[in-house]
Amino acid sequence: MSHADTQTRHVPDRLRPSLYAHLVGWESLLLAVAVAVFVFNAFASPYFLDAWNLSDATFNFTEKAMIAFAMAMLIIAGEIDLSVASIIALSSTVMGLAMQMGAGTPVLVLVGLTTGLLCGAFNGALVTRLGLPSIVVTIGTMSLFRGVSYIILGDGAFTRYPASFAWFGQGYAFWVISVEFVIFVLLAIFFGILLHKTNFGRMVYAIGNNATGALFSGIRVDRVKFVLFLMTGLMSGLAAVCLTSRLGSTRPSIASGMELEIVTMVVLGGINILGGSGSIPGVVIAAFVMGLVTFGLGLLNVPGIVMSIFIGLLLIGVIALPRLWAIWRKRTV
Amino acid sequence: MSALKSREAILFGAILALTTVIATRFPGFVTPTNLVSVFTDTSPLMILAMGQMVVILTRCIDLSVAANLALTGMVCAMINVAMPGLPMVVILVVALILGAALGAINGILVWKLSIPPIVVTLGTMTIFRGIIFLLTEGKWINAHEMSPHFTGFPRNEILGMPVLGWIGIIVALIMMVVMARSTMGRAIYAVGGNPHAAVYTGIDVGKTQFYAFVISGTLAGLTGYLWVARYSVAYVDIAGGFELDVVAACVIGGVSIAGGAGTVFGTLLGALFLGVVKNALPVVDISPFWQLAISGAAIIVAVAFNAKSGRSKGRVILKSAEHAQ
């Protein structure tokens, strides 16, 4: 936002980076951090290296990561959606209403996903049809969606979801592998292929690097962006299904503040917040880093708010350190 | 005619219409006492929104204002508990300096390391809140621990209005002069309007953004003390999520998120609009749970309105350019 226009963009002139470039690349750096956190945790707490504990730790990030994948593509295309946590609240509330009317598990899931999709369509229409900046639109819908949730629920809550609904958030596919983790892996593969191996993915990068240029090369920019908002909405709906199923209740304050954690995860994953670059594997590793840090500190009885300091420092640190390093190298040479 | 069409006039009309509608059914809402209390109640939002406006004008955003407010407020409260006899001036100076320092951290990271402002302030937001927890271990500082002059200062009435409201007015006047009459104010508009052109006119873009963050931080620090003193309580989560209300006030007030466009007066009206809505809901017996949805809808309408007026202007310029060819 600040220096975007005053800086020249670095356009790589060869497509296959050297081995050295791979070694110092963002994903490798992040992977090293993840391994370091893992090893540190294993030594710091005797309870860390336990299959069930590690399985529990995945719940810290699976729901957020589902949204983070779609958000990553949206940010690469130069837009952002800050309303995702509010979409979760609204989807969860509408599911609660459906549950009160006696809907069974399949209908509940359908209702949750549809609400998410409609919210995404609303954001997408405002951004692409009316040409409004997404950051403001989604700050608005962030209040609006959660606000509707508050109007419906007030200080009440929906509980008594059917027993079979608990499968999504509390079920296990096999042994310690939770249903949520399986969904996370499948989505990681899906979004990885979508962004890195399809025409659609190339279009997303093209739009993020130069929307006007993309338009002139025949990409329907608005349609691609609309689809990205739809996907982000749908993923928020899916996260709402998982979260509601895991908690077994709905309050209007559900998932509050989660949008910032998701953006943090995406940025930590090496996605350029100004658009144009980044990768899904990066986001996957960032999800693990955040999950491991939170879980490891939790085992050491560090309170949640202190963990957020680590996440905040991590966010600024991983971006600041390479830039400080570059400045330092320039001075010494 | 142009004055009638201006965004400020329309917003002013909207606030007036809203107040009139409420007044026809609940005359108690428009008594001078109540209007003063609505204004005073909105003052913290107004002060923060003016700081945020400066930052948004330079094409940045400051999401850490509420966390800055909470941290500075907590430090002021702790100083008061440790040294109850300290004069008010010292507390105010501490609030301003600490707020400015926290804002300067954001500014340095944006200026010297070119990290996108949204990333920087997202990070410092969580860090500032975390630091409050480290300072207090999650404990609250309650009214009975604070000295009477500490909590009383913003509530003292001068000419029928509490000091808090007067501070809002004074800050607004200072900001109006700074933005319209000072070199820095003009530089801030120039940087947001066209950074390239600003560089060629000899303005340091990064440095101007740094100053914008310092201004925003200073005002957040000031509000931090006022907030804690007014509500007579300090804890980790005070003003949680308030940064979005602040951005909302700016957007409703006509500040363009793309930078370079927006006025102090418009921002004040934006904040006042949210303040009137918030204070009117309980009066007209609508559940306060409606407030969030209403401010969300107001943001969307306001931004749609901003974009529309901006676009028609752009089209005119393009047309004349075509004619020239």
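Q: Over residues 209-228 of chain B, what percentage of the chain is helix?
A: This is a predicted model, in which local features need pLDDT of at least 70, side-chain atom pairs count only at pLDDT 80 or more, and totals for chains, interfaces and linings use all residues. Residues are numbered from 1 along each chain as its sequence is written, while chains are lettered from A and ligands numbered from 1 in the order in which they are written. Helices (H or I, at least four residues) and strands (E, at least two) are DSSP runs, numbered from the N terminus. The end C-alpha atoms of residues 209-228 are 28 Å apart, strand makes up 0%, and helix makes up 100%.

Q: How far does H11(B) reach from its first C-alpha to its last?
A: The expected span of a helix is 1.5 Å times one less than its number of residues. H11(B) has 27 residues, for which 39 Å is expected, and its reach is close to that, at 39 Å.

Q: Is H11(B) largely enclosed by the rest of the structure or largely exposed?
A: A residue is buried if 20 or more other C-beta atoms lie within 10 Å of its own, exposed if 12 or fewer, and partly exposed in between, with C-beta atoms placed from the backbone. In H11(B), 24 of the 27 residues are buried, so this helix is largely enclosed.

Q: Which residue with a positive phi follows H11(B)?
A: Just after the helix, phi is near 55°. The residue with that angle is Ser232(B).

Q: Which helix gives the largest share of the side of chain B that touches chain A?
A: Two residues are in contact if their C-beta atoms, placed from the backbone, lie within 7 Å. Here 47 residues of chain B are in contact with 45 residues of chain A. Elements giving two or more residues to this side of chain B include helix H5 (88-112), helix H11 (205-231) and helix H14 (290-324). The largest share, 13 residues, comes from H6(B).

Q: Why does Arg59(B) count as buried, and where is it found?
A: Arg59(B) counts as buried because it has 24 C-beta neighbours inside 10 Å. Its C-alpha atom is separated by 7.9 Å from that of Val191(B), 132 residues apart along the chain. Arg59(B) is found in the loop between helix H3 (32-57) and helix H4 (65-82) of chain B.

Q: How many helices does chain B have?
A: The C-alpha atoms of chain B fill a box of roughly 75 × 55 × 35 Å, taken along the principal axes. Of its 325 residues, 50% count as buried. Alongside two strands, the number of helices in chain B is 14.
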